[in-house]
Amino acid sequence: MTTTTLSFGAALNAGLRRALEHDRKVVIMGEDVGRLGGVFRVTDTLQKDFGDNRVIDTPLAESGIIGAAFGMALRGYRPVCEIQFDGFVYPAFDQIVSQVAKIHYRTQGRVTAPLTIRIPYGGGIGAVEHHSESPEAYFAHTAGLRVVTPSNPADAFHMIQQSVASDDPVIFFEPKRRYWDKADFDVDAEPDLPLHRARVAREGTDATIVAYGSVVPTALSAAAVADDEGHSLEVIDLRSLSPIDFDTIEQSVRKTGRLVVAHEASTFAGLGAEIAARISERCFYQLDAPVLRVGGFDVPYPPAKLESHHLPDADRLLDAVDRSLAA
């Protein structure tokens, strides 16, 4: 047992290092991932230790990064691409949706694309526009892609390795305001969950909160406050956005009878809408109140001085819980 204290960003770095050590077909590509070590230093020292043939600095051309990585994946490599910020992924959207996501079905499963695309996403760091967006619903809506997002350092460490090992393309969203969160965990232990299984992060009996990425710690804070007020909230860390582990959510809702879904992205046509619809179908007779959603407002991401009003906080989550309990 080797318990280590790592930040979220350092855990990703350690996970990528393990992947590079385990398989010589793993290569890392992106803007400034080599000599600089990435904008958030997630790939720090990897080029020095593994060489510039395996940790490759690319031009500022997201479509070219994904196109080249896709070709390498077809030739047996396992590229890990970094998109510097969420809002920069759109030039690569056509490559991802039209080519990467289609290859398995287009070839009737004869060709795979083991490609991992890392995307720092979400707000909370005071950045300008195109640096704080939550585009995960675009990719979760696209058949042929796996979409995941860890919420803590231990999951970051294990899930990046599980993603790189997947034979399917994985969109790996990293909640950037959690890069500096730290945790103790055993780096030599096997992951306690498969890549696409949700985790019950806190058990409760009165209502269920489903969250993912950066909002999971917010949900846990809200549950702690609710506990002081006499309400027991169960918190589920979704972890995988496509596929979604509906069985774990259903099991919780059948116990609590109430569900609040929370994420940073706008609520309109977001992941919360899909979860609300599916759980309403599967648990209609067990629900004691309508499923409620808490998310960003339906506007372009605001200037940094307004983001604390835009992002869901514990007060907004508890307001939704109160409305659910009062129904």
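At what angle do the axes of helix α8 and helix α12 cross, and within what distance do they come? In this predicted model, the two axes cross at roughly 60° and come within 9 Å. Because angles that are neither under 35 degrees, nor over 145, nor 65 to 115 count as oblique, α8 is oblique to α12. The points below cover this helix pair, then a five-stranded sheet and the way α8 lies across strands.

**Helices α8 and α12**
- Helix α8 covers residues 215-228, and helix α12 covers residues 314-326.
- The crossing of α8 past α12 is right-handed.
- On the α8 side, the contact is made by Thr-218, Ala-219, Ala-222, Val-225 and Ala-226.
- On the α12 side, Ala-314, Leu-317 and Leu-318 make the contact.
- Sorted by class, this contact holds seven nonpolar residues, one polar residue and no charged residues.

**The sheet**
- Five strands make up an open sheet with mixed pairing, in the order β9-β11-β10-β13-β14.
- Its edge strands, β9 (199-202) and β14 (292-296), each pair on one side only.
- On average, neighbouring strands of this sheet are turned by 25° against each other, direction ignored.

**Strands β10 and β11**
- Strand β10 (residues 207-211) pairs with strand β11 (residues 233-237) in the parallel sense, over five bridges.
- Ala-207 has Leu-233 as its bridge partner in β11.

**Helix α8 and the strands**
- Helix α8 lies across β9, β10, β11 and β13 (259-266).
- The helix runs at about 170° to β11.

Key: Residues are numbered from 1 along each chain as its sequence is written. This is a predicted model: local features need pLDDT of at least 70, side-chain atom pairs count only at pLDDT 80 or more; totals for chains, interfaces and linings use all residues. Side-chain values use heavy atoms; hydrogens and water are left out. Axes are lines fitted to C-alpha atoms, for helices over the stretch in contact, and angles run from 0 to 180 degrees between N-to-C directions. Helices (H or I, at least four residues) and strands (E, at least two) are DSSP runs, numbered from the N terminus. A crossing is left-handed if the near helix is turned anticlockwise from the far one by less than a right angle, and right-handed if clockwise. Contact means heavy atoms within 4.5 Å. Ala, Val, Leu, Ile, Met, Phe, Trp, Tyr, Cys and Pro count as nonpolar, Asp, Glu, Lys and Arg as charged, and the others, Gly among them, as polar. Two strands pair if DSSP finds at least two bridges between them.
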